[in-house]
Amino acid sequence: MTLKIYNTLNKRKEDFIPLEEGKVGFYVCGITAYDVCHIGHARSAIVFDVIYRYLKYRGYAVTYVKNFTDVDDKIIEKALKEGVDIGTIADRYIREHNEDMDALGVARPTVAPRATENIKGMIRLIERLLERGLAYVVDGDVFFAVERFEGYGKLSGRTLDEMMAGARIEVDKKKKNPYDFVLWKAAKKGEPWWDSPWGRGRPGWHIECSVMSQRFLGETFDIHGGGEDLIFPHHENEIAQAEGATGKPFVRYWVHNGFVKINSEKMSKSLGNVFTVKDILRRVHPDVVRLFMLRSHYKSIIDFSEDGLRDARSAMERFYTTLETVNKLLAGGGDFDDFSGKDLSGEDEAFFRNVESLPERFVDAMDDDFNTARAIGYVFETLRRLNTYISDNEDRSRERAFLFALDTAKKRLRETGKVLGLFLADPSEYFRLDRDRELRRKNLTEEEIDALVEERNRARRERDWEKADAIRDRLRERGVLVRDSSGSSSWTVQ
RNA sequence: GGCGGCAUAGCCAAGUGGCCAAGGCAGCGGUCUGCAAAACCGUUAUUCCCCGGUUCGAAUCCGGGUGCCGCCUCCA
């Protein structure tokens, strides 16, 4: 089986063949550190996190580079406003970013370089472009001459002529062509600067990614990712800079994730509908966010909404309910270390075989351009079979064959979960966090609910069903669902 | 104006030429339960926006139409 990746460059799915067998060089455009991360950053991060995990799962040695842009107009603006230097602003938002990513279960990249640590490399790259006649200097600014780079527009699928036809872009008198972009900006008063052959200044936005990716991954590398909005101009310009300087192909596979809309509207600061990662994580468990993101294909636009989040939470709850049941059965049962699949027969064997085939089906889905939606479908299909198996065999809770089959199911579910970064929590921990969060939101305390449940249990023992039902109704009105088992009752918050 | 994408059940969402159109949520009927809840079983698209065409055969390919949306400017 071969991994297929949709390559934005060629607009089709292609077999993934890394430059060097068994190794993958992977670069993703990170954040500009001027504000806290929102749900759109979260999607991008989760998508590429899963791609990273999957490549490793498939046995590749992956070098994953994700940069931080720590010098830029917006950072400078904020620094001026607060009267601090840009490093203070960047440090703050990089720290926030790392907190958010950790909370979302996003693995740290192999390298997380910062633009300002790579100024020398940027100057060298610009010098090479000047030497090759692909750039020109005007009053301390350096521009890339798009007309001098053959193939400009190949990633975004347009030609310079087409772009000129309809576009309305700001005309900068210094530019020879309106699509020329800045490689180096002469310093204005009060702005941070670095010395360069063209005077004091700072780098343009696109140059850092060309430099940092090649520094850690080589002049040509395997996969470059980012949000679809970066295709033009950012990634187009990265190609122009890198290939202009080296004369070699820059990136073999370009991967772009789709946007997040909020209640069917574009998320934007002007609409005031930006949800930050911290907002979301106050409301739901990270698994819910990840499930919400990964149940759609990474390229499609997803619509973030209350309903969508609730659906994902319900699904997550079902998963952990089953896992909790399995854990209890395994804890209460005996030892089955010396058991193997060969010892099974009948229903046990059929179930075992089905469960053992989960990773195979999972890989099949993921190999098809990281189809996490299909992959998750297989996980839930397995979950249903597991539930059926448990309820068909309630009287066999101490049998080795049964326990062995359950244990296998759990292992296979966790194996796929590890790649998705999902389903990895301890169920009781998951429910405890979920409960605490919901209680806070509804202004309830565990104590008052426990007291009511206890009162109800007394009524139940006295067979005072009327009173028991009244208490249950009261709790339900406040969003608390009571669930009775033989001796006691548990409860969940809706 | 230029370039591109999408349209599948009540909602979300896979499926890109051929088994009964995955999976999740929600609903309904049943098992269980004092009654519920959870879990389980069954059920909910003879059909994939509309109209043509290609084909033995299309949600899937082609042409046209309709409706949404994105990019072309900082943006994940």
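A residue counts as exposed when its relative accessible area is over 50%. Arginine 463 of this predicted model has a relative accessibility of 60%, so it falls in the exposed class. This arginine sits in the loop between helix 16 (446-461) and helix 17 (465-477). Its backbone is a bit unusual too: phi is near 60°, a positive value in a residue other than glycine.

Serine 264 makes a natural companion to arginine 463. Here again phi is positive, at about 70°, although the residue is not a glycine. The serine lies in the loop between strand 11 (260-262) and strand 12 (265-266). With a relative accessible area of 48%, serine 264 does not get over the 50% mark, and therefore it is classed as partly exposed.

The two strands on either side of that serine pair with each other. Strand 11 and strand 12 run antiparallel and are held in register by two bridges, with lysine 261 standing opposite lysine 266 of strand 12. Both belong to an open sheet of three strands, whose order is 12-11-13 and whose pairing is mixed. Strand 12 and strand 13 (302-304) are the edge strands, each pairing on one side only. As for what holds such an arrangement together, strands of a sheet pair through backbone hydrogen bonds, either parallel or antiparallel.

Another antiparallel pair turns up at the start of the chain. Strand 1 (residues 4-7) and strand 2 (residues 12-15) pair over four bridges, and isoleucine 5 stands opposite glutamate 14 of strand 2. The two strands form a hairpin with four residues between them. One residue of that turn, lysine 11, has a positive phi of about 55°. The side chains of strand 1 alternate: Ile5 and Asn7 point to one face and are buried, whereas Lys4 and Tyr6 point to the other face and are not buried.

Arginine 114 gives a rather different picture from arginine 463 as far as burial goes. Its relative accessible area is 18%, which is under the 20% limit, so arginine 114 counts as buried. Its place is in the loop between helix 3 (86-103) and helix 4 (119-131). The side chain of arginine 114 makes a polar contact of 2.9 Å with the side chain of aspartate 70. Setting aside neighbours within four places in sequence, the residues in contact with arginine 114 are Phe68, Asp70, Gly87, Ala90, Asp91, Ile94 and Met212.

One more backbone feature deserves a look. The peptide bond from phenylalanine 232 to proline 233 is cis, with omega near 0°. Proline 233 is found in helix 7, which spans residues 231-246.

Now for the chain as a whole. Chain A comes to 17 helices and 15 strands, and 52% of its 494 residues count as buried. Along the principal axes, the C-alpha atoms fill a box of roughly 90 × 55 × 40 Å. Among contacts between residues at least 6 apart in sequence, 75% join residues at least 24 apart. The accessible surface comes to about 23300 Å², and 47% of that belongs to carbon and sulfur atoms. On the charge side, the chain has 81 positive and 86 negative side chains, and the centres of the two sets lie 2 Å apart.

Conventions: Residues are numbered from 1 along each chain as its sequence is written. Chains are lettered from A and ligands numbered from 1 in the order in which they are written. This is a predicted model: local features need pLDDT of at least 70, side-chain atom pairs count only at pLDDT 80 or more; totals for chains, interfaces and linings use all residues. Side-chain values use heavy atoms; hydrogens and water are left out. Buried means under 20% relative accessible area, exposed over 50%, partly exposed in between (1.4 Å probe, protein chains only). A polar contact is a pair of N or O atoms within 3.5 Å; within protein, one must be able to donate a hydrogen and the other to accept it, and residues adjacent in sequence count only if both atoms are side-chain atoms. Contact means heavy atoms within 4.5 Å. Accessible areas come from the Shrake-Rupley method with a 1.4 Å probe; for residues, only the protein chains shown count as cover. Lys and Arg count as positive and Asp and Glu as negative; His and the chain ends are not counted. The place of a charge is taken as NZ of Lys, CZ of Arg, CG of Asp or CD of Glu. Two strands pair if DSSP finds at least two bridges between them.
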